[in-house]
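The following paragraphs offer a guided reading of a protein structure for those who have not met it before. Please keep the sequence and the model in view while reading.

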Amino acid sequence: MRTLLNFLLKYDYWLLFILLEVVSFVLLFRFNNYQGSVLFTSANSVVGSLYATVSNVTSYFGLHDANRKLTYRNAELELQVEQLKKALYQSSWDSVSVEKILHMVDNYALINAQVVNSSIVHKDNYVTIDKGCSDGVYPEMGVINGISIIGIVYKTSSHFAIVLPILNSKSNISCKIQRTNYVGTLKWEGGASDKVWLKDIPRHSEFSLGDTIVTSGYSAVFPEGIPVGTINEIKDSHDGLSYRLQVKLFTDFARLDNVCVIDYQNRKEQTMLEDSIK
């Protein structure tokens, strides 16, 4: 208490000055219309700016969840479109019902996941996602985003999984030229993270720069028709017996965020049958 009194006595002139200033401002803005309107307008402007800033910050943090949902929806629609296109191409309306087409689409389910770690500068890069076997994610499942393929699940724990991305020397994914259906193997040989090679394309195959490369569907990992990239450069193979096509990827691996794991419902049956003849 004595300390407080000593403080008040020491700065009594300053305290009196501040009190008189406050009283003066109150009287000024309370009993003068012009000054009062100026204060009211300025206060509204400041409060409005504050509310706008708070709203922008809130919206920014809400974008993460929105992007996650959009990625899932885009991947889901991409699978549905490709399966419907395949069904319509292979069948006619008088022999195949709508129910059968929808059943083909239902053979694939998606598991939403978030990338928690990734690399693009090594020879063998890996991607870690926040879903594991407790979420229904197992090795040999395909991983995509709303644009293109990412890679294949390599190892899993209860709540996480390691994905072997396209940008890994051990990755080999069967892909084809969408326009002409010639099939090759997608392989990364290091270097730029936005380019890979489609190898073993036959010499008699037809293609052009800018043609779209998609998954071939020749495995139980990826369904047919998922976009990969476009032909950027054409070279001969090392033995001169085939072509090597440089593919510019649709996916920017430096900005991976939300992905989806593909759960092919008949995967186990297909792999067991194929393994039985090896």
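In the hairpin formed by β6 and β7, 5 residues stand between the strands, and among them Asn 181 adopts a positive phi near 70°. The model under discussion is a predicted one. Strand β6 covers residues 173-177 and is joined to β7 by 4 bridges, the two strands running antiparallel. Within this pairing, Ser 174 has Thr 185 of β7 as its bridge partner.

Strand β7, which comprises residues 183-187, also pairs with strand β8, residues 195-202. Here 3 bridges make the connection, and the direction is again antiparallel. Thr 185 is the bridge partner of Lys 199 in β8, and Leu 186 is that of Leu 198 in β8. Thr 185 therefore takes part in two pairings, with Ser 174 and with Lys 199, given that strand pairing rests on bridges found by DSSP.

These three strands belong to a closed barrel of 6 strands, whose order is β6-β7-β8-β11-β10-β9 and whose pairing is antiparallel. In this sheet, neighbouring strands are turned against each other by 40° on average, with direction ignored.

A second barrel is present as well. In it, 6 strands close in the order β1-β2-β5-β4-β3-β12, with antiparallel pairing. Its neighbouring strands are turned by 45° against each other on average, again ignoring direction. Strands β1 and β2 of this barrel run antiparallel and are joined by 3 bridges. Val 115 stands opposite Ile 129 in β2. The protein as a whole contains 5 helices and 12 strands.

The interior may be considered next. Of the 278 residues, 34% count as buried. In soluble globular proteins, nonpolar side chains tend to be buried together. The largest nonpolar core of this model has 48 residues. Those with the most contacts inside this core are Ile 129, Ile 144, Ile 149, Leu 186, Leu 198 and Phe 222. Ile 129 has already appeared opposite Val 115, and Leu 186 and Leu 198 as bridge partners.

Two residues illustrate the surroundings of the first hairpin. Setting aside neighbours within four places in sequence, Leu 186 is in contact with residues including Ile 149, Ile 166, Ile 173, Cys 175, Val 196, Leu 198, Val 228 and Val 247. Ile 173 lies in strand β6. Ile 173 has a relative accessible area of 5% and is therefore buried, the limit for that class being under 20%. Beyond residues up to four places away in sequence, Ile 173 touches Ile 149, Ile 152, Ile 166, Gly 184, Thr 185, Leu 186 and Phe 222. Ile 173 and Leu 198 are separated by 25 residues in sequence, and their C-alpha atoms are 9.2 Å apart in space. For the protein overall, residues 24 or more positions apart account for 59% of the contacts with a separation of 6 or more.

How many aromatic pairs does a search of the whole structure find? The search finds 2. One of them is formed by Tyr 126 and Tyr 154, whose rings lie 6.4 Å apart from centre to centre with 35° between their planes, a tilted arrangement. Tyr 126 belongs to the loop between β1 (108-118) and β2 (127-129), whereas Tyr 154 belongs to strand β4 (residues 149-156), so the pair ties together parts that are 28 residues apart in sequence. Tyr 126 is partly exposed, at a relative accessible area of 32%, and Tyr 154 is also partly exposed, at 41%.

The pair of Phe 207 and Tyr 243 has ring centres 5.3 Å apart and planes at 80°, so this pair counts as edge-to-face. Phe 207 lies in the loop between β8 and β9 (212-215) and Tyr 243 in strand β11 (residues 242-249), so this pair, too, links distant parts of the chain, 36 residues apart. Phe 207 is buried, with a relative accessible area of 15%.

Charged side chains also meet aromatic rings. Arg 203 lies over the face of Tyr 243, at 4.3 Å from the ring centre. Arg 244 lies over the face of Trp 197, at 4.3 Å from the ring centre. Trp 197 is, in addition, one of the residues in contact with Leu 186.

Terms used
Residues are numbered from 1 along each chain as its sequence is written. Side-chain values use heavy atoms; hydrogens and water are left out. Axes are lines fitted to C-alpha atoms, for helices over the stretch in contact, and angles run from 0 to 180 degrees between N-to-C directions. Rings of Phe, Tyr and Trp (its six-membered ring) pair if their centres lie within 6.5 Å; planes under 30 degrees apart count as stacked, over 60 as edge-to-face and the rest as tilted. Buried means under 20% relative accessible area, exposed over 50%, partly exposed in between (1.4 Å probe, protein chains only). A charge sits over a ring if NZ of Lys or CZ of Arg is within 6 Å of the ring centre and within 35 degrees of the ring normal. A nonpolar core is a set of buried Ala, Val, Leu, Ile, Met, Phe, Trp, Tyr and Cys residues joined through side-chain atoms within 4.5 Å. Contact means heavy atoms within 4.5 Å.
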